[in-house]
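Here is a friendly walk through one protein model, from its packed interior to its empty spaces. Please keep the viewer open as you read.

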Amino acid sequence: MRPDGGRGKLAGVSTFERVHEPLEARDVLLGRTTHVRRLVPNRRRRMIGAWCFLDHYGPDDIKTTGGMWVPPHPHTGLQTVTWLFEGLGLHTDSLGSEQLIRPGQLNVMTAGHGICHAEVSPGSAPTYLHGVQLWVCLPGADRDSAPPDFVHLAELPTYSEGGVTLQVFMGSLAGETSKAPAFSPLMGAEIRLAAGASATLPLEAGFEYGALVVDGGAEVGGVHVEANAMAYLGQGRSELTVAADGPATLMLLGGAPFEEEIVMWWNFVGRSHDEIVEQRAEWNGDGVGFVPPRFGRVEGFPGDRLLAPPMPTTRLKPRPRVT
């Protein structure tokens, strides 16, 4: 996919080769019912650009599992980015937001100094739930000063050609630009391929990239990637070819390498152990009935908020994006 003077944005196969490093997922229980495949942070690659967290879940039969149920919990120093491939979700937060999200729509919540939110499957949700939860690390200059915020985008830039549909939810790709708020150079897009389709995507050589194959299996940069698997693609690419024999869905994430060392623990992103200790104490307070001034309260949630677990017995150390 590239703008190229009348031939459209979709182009032929590229033979460009760079890093192609598998990122192995680990199973994590999210809330009380939802098992997720955690792909970022990974054992070696802790970030892709400013993307510092990626959980991929489903498709789950929520009539059997009970659906998503994540009680009110806090965040600092990051943005949450919620994207669904199938199903329906409900976001509520301490700003008073209450927003349903459907496939092809975007929820972005900016935590800044502190916010709390809940995510559940509403009673009207269809049978299957399939999506990703992403975090974007805020730069040091913005992580405390950026005001807490929530943005829902029901329509996003979309381009289709030759059996390939591109939807850009963050940043820019192939001439399409999302209106979602961002604090560092990055991009995120969903790519759907019909059977036998292929596309060449123009990339920023200074960005590093990762590709998650959501379903169907696909060729990514000439290497086959199975469904539910992800590959780190490194820097230095000016383009990337994706192709599939059968229908497939991919997610492409990229961004300028995030050079600040961070401490990420539970739902907090800070810069030191002591910061995390302070944030945990301010959230937990005197227990579930306490309303923390820093984070606020999700009004009307039918249940208790989620308290932070005990701190580890060793001090948390700031870590770079690559370990």
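Let us begin at leucine 106, which, beyond its neighbours within four places in sequence, is in contact with Val81, Thr82, Trp83, Ile101, Val151, His152, Leu153, Leu156, Phe169, Met170 and Ala180. Do keep in mind throughout that this is a predicted model. Leu106 and Phe169 touch the most other members of the largest nonpolar core, a set of 37 residues. Strand 11, residues 128-137, supplies the largest share of this core, with five residues. Another core lies apart from it and has 28 residues, among them Val164, Val168, Ala211 and Ala231.

**Threonine 110**

Strand 9 spans residues 106-110, and threonine 110 lies in this strand. Is threonine 110 buried or exposed? Threonine 110 counts as buried because its relative accessible area is 3%, under the 20% cut-off. What does the side chain of threonine 110 make a polar contact with? Its partner is the side chain of glutamine 79, at 3.1 Å. Leaving out residues up to four places away in sequence, threonine 110 touches Leu78, Gln79, Ile115, Leu138, Ala146, Pro147, Pro148, Asp149 and Phe183.

**The cysteines**

How many disulfides does the model contain? The count comes to zero. For cysteine 116, the nearest cysteine sulfur belongs to cysteine 52 and is 19 Å away. Cysteine 137 is also in no disulfide, and here the nearest cysteine sulfur, again that of cysteine 52, is 5.1 Å away. A disulfide would need the two sulfur atoms within 2.5 Å, so this pair does not qualify. As for exposure, cysteine 116 is buried because its relative accessibility is 1%. Cysteine 137 counts as buried too, because its relative accessibility is 1%.

**Empty spaces**

Now for the places that the atoms leave open. The structure holds one cavity of 30 Å³ or more. The table puts the largest cavity beside the largest pocket.

| Space | Volume | Lining | Nearest the centre | Largest share of the lining |
|---|---|---|---|---|
| Largest cavity | about 120 Å³ | 15 residues | Tyr57, Thr82, Gly89, Leu90 and Glu119 | strand 7, three residues |
| Largest pocket | about 490 Å³ | 24 residues | Arg38, Phe53, Trp135, Trp266 and Asn267 | strand 2, four residues |

Which elements give two or more residues to the lining of the largest cavity? They are strand 6 (78-86), strand 7 (89-93), strand 10 (115-120) and strand 11. Thr82, one of the residues that lie nearest the centre of this cavity, is also among the contacts of leucine 106.

For the largest pocket, the elements that give two or more residues to the lining are strand 2 (26-30), strand 4 (51-61), strand 5 (69-75), strand 10, strand 11 and strand 25 (263-265). Strand 10 and strand 11 therefore appear in both lists, each giving two or more residues, as the cavity list and the pocket list show.

**Glycine 289**

Our last stop is glycine 289, found in the segment after helix 2 (273-284). Is glycine 289 buried or exposed? Glycine 289 is exposed because its relative accessible area is 70%, over the 50% cut-off. Which distances separate glycine 289 and arginine 305 in sequence and in space? The two are 16 residues apart in sequence, and 8.3 Å apart in space from C-alpha to C-alpha.

Technical notes:
Residues are numbered from 1 along each chain as its sequence is written. This is a predicted model: local features need pLDDT of at least 70, side-chain atom pairs count only at pLDDT 80 or more; totals for chains, interfaces and linings use all residues. Side-chain values use heavy atoms; hydrogens and water are left out. Buried means under 20% relative accessible area, exposed over 50%, partly exposed in between (1.4 Å probe, protein chains only). A polar contact is a pair of N or O atoms within 3.5 Å; within protein, one must be able to donate a hydrogen and the other to accept it, and residues adjacent in sequence count only if both atoms are side-chain atoms. Contact means heavy atoms within 4.5 Å. A nonpolar core is a set of buried Ala, Val, Leu, Ile, Met, Phe, Trp, Tyr and Cys residues joined through side-chain atoms within 4.5 Å. On a 1 Å grid over the protein atoms alone, a cavity is a set of points where a 1.4 Å probe fits but cannot get out, and a pocket is an open set with protein on both sides within 12 Å along at least five of seven lines; lining residues have an atom within 4 Å of a point. Grid points are joined across faces, edges and corners, and a volume is the space filled by probe spheres set on the points.
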